[in-house]
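Please look over the sequence and the model before reading on, and keep both in view while you follow the text.

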Amino acid sequence: MPRCTGLTAEGVVKIVQVLYECMGNLNRIRLHGICRMTKHHLDAISSAMYKGNQQEDDQSLFYSHRVHEVLNTNDERRIDVDVCPMCTNVRLVFDCTRDGCRRKDSRAQCRGCFFCVARCETCGGCIDLEELSETELACSDFLCMECWLPLPKCSTCNRPYCKRHENLKVDLSPSPQFTCHRCVEFSSNSLENLEESS
């Protein structure tokens with residue numbers, strides 16, 4: 001039921017309870033995008049799904065810019081959403097891909113939803129605020145320093161595009177250099193302003 005805005009959280013709880021009573025076992029449910037889902041609703045759904053099988057999911061979900069594709073794969077987690085440990089909202093909660101962050105003692109520091117933890121569009125690792133300010137992109141996505149460094153940069157502002165937005169590059173003929181769309185817009189606007197003032 002991902003992104004099914006016509007359903008309420010209360011309605012989903014009732015549906016899961018009826019399905020459990022009729023079928024006796026539910027394998028998997030996708031709830032991402034159901035509005036106003038709370039921990040109370042999630043607990044009610046979990047209790048219906050885990051009756052007779054108290055083993056809860058311990059699988060990680062790693063961030064990808066193709067989040068919606070990730071959800072449609074053979075993901076073994078029974079419920080796709082969880083309570084974000086930072087904001088306590090019920091959302092997709094991502095674990096960090098960085099080895100240092102995946103140790104048990106530091107796991108909670110960068111485990112969170114998309115709104116609470118900045119994540120690299122390429123590797124899915126967490127990005128701290130200092131790193132975020134140093135790895136500015138020509139597009140609106142985020143990259144960690146490790147993924148940012150090897151990318152080709154705009155010849156004007158020295159910002160790269162992430163893989164998802166590299167089609168926005170404006171190539172500077174014969175050379176392999178490019179200009180980002182922001183710099184092209186800025187130079188066009190500057191030229192127009194100069195012409196108007198003359």
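The report below goes from the overall fold to the cores, the surface, the salt bridges and one buried loop residue.

**Overall fold**

This is a predicted model, and its secondary structure comes to six helices and four strands. Followed along the sequence, these elements come in the pattern α-α-α-β-β-α-α-β-β-α. Of the 198 residues in the protein, 38% count as buried, while the protein exposes about 12200 Å², of which carbon and sulfur atoms supply 51%. When contacts between residues at least 6 apart in sequence are considered, 48% of them join residues at least 24 apart.

**Cores and surface**

The largest nonpolar core has 20 residues, and those with the most contacts inside it are V16, I29, L31, I45 and I79. The elements that give two or more residues to this core are α1 and α2, the latter spanning residues 39–49. Helix α2 provides the largest share of the core, namely five residues. Apart from this core lies another one, of 17 residues, which includes C139, C144, C162 and C183.

On the surface, I15, L19 and M23 form a nonpolar patch, and together they have about 260 Å² of accessible area. One of these residues, I15, has its place in helix α1, which covers residues 9–23. With a relative accessible area of 34%, I15 is partly exposed, because it falls between the 20% limit for buried and the 50% limit for exposed residues.

**Salt bridges**

Side chains of opposite charge can pair when their charged atoms come close. A search of the whole structure finds three salt bridges, and the table gives the pairs with their N to O distances.

| Side chains | Distance, N to O |
|---|---|
| D43 and K39 | 3.0 Å |
| R111 and D82 | 3.4 Å |
| D95 and R111 | 2.8 Å |

The partners D43 and K39 both lie in helix α2, where they are four residues apart, about one turn of the helix. D43 is partly exposed, with a relative accessible area of 39%, and K39 is also partly exposed, with a value of 46%.

What does the pair of R111 and D82 tie together? The side chains of R111 and D82 meet in a salt bridge. R111 lies in the loop between β2 (90–91) and α4, whereas D82 lies in strand β1 (residues 82–83), so the pair ties together parts that are 29 residues apart in sequence. R111 is buried, with a relative accessible area of 15%, but D82 is partly exposed at 31%.

The side chain of R111 also meets that of D95 in a salt bridge. Both D95 and R111 lie in the loop between β2 and α4, 16 residues apart, and the pair links distant parts of the chain. D95 is buried, and so is R111. Taken together, D82, D95 and R111 are linked in a network of salt bridges.

**A buried loop residue**

Is D141 buried or exposed? This residue has its place in the loop between α4 (129–134) and α5 (145–148). Its relative accessible area is 10%, and because this is under 20%, D141 counts as buried. If residues up to four places away in sequence are not counted, D141 touches E121, C162, R164 and H165. Among these partners, C162 is also one of the residues of the core of 17 residues.

How values were computed. Residues numbered from 1 in each chain as written. Predicted model: local features only at pLDDT ≥ 70, side-chain atom pairs only at ≥ 80, totals over all residues. Heavy atoms only, no water. Buried < 20%, exposed > 50% of the residue type's maximum accessible area, 1.4 Å probe, protein only. Contact = heavy atoms within 4.5 Å. Areas by Shrake-Rupley, 256 points an atom, 1.4 Å probe, with all protein chains shown as cover. Patch = residues over 30% accessible without salt bridge, like charges linked within 9 Å, V, L, I, M, F, W, Y side chains within 5 Å. Salt bridge = Lys/Arg side-chain N within 4 Å of Asp/Glu carboxyl O. Core = buried A, V, L, I, M, F, W, Y, C linked by side-chain atoms within 4.5 Å.
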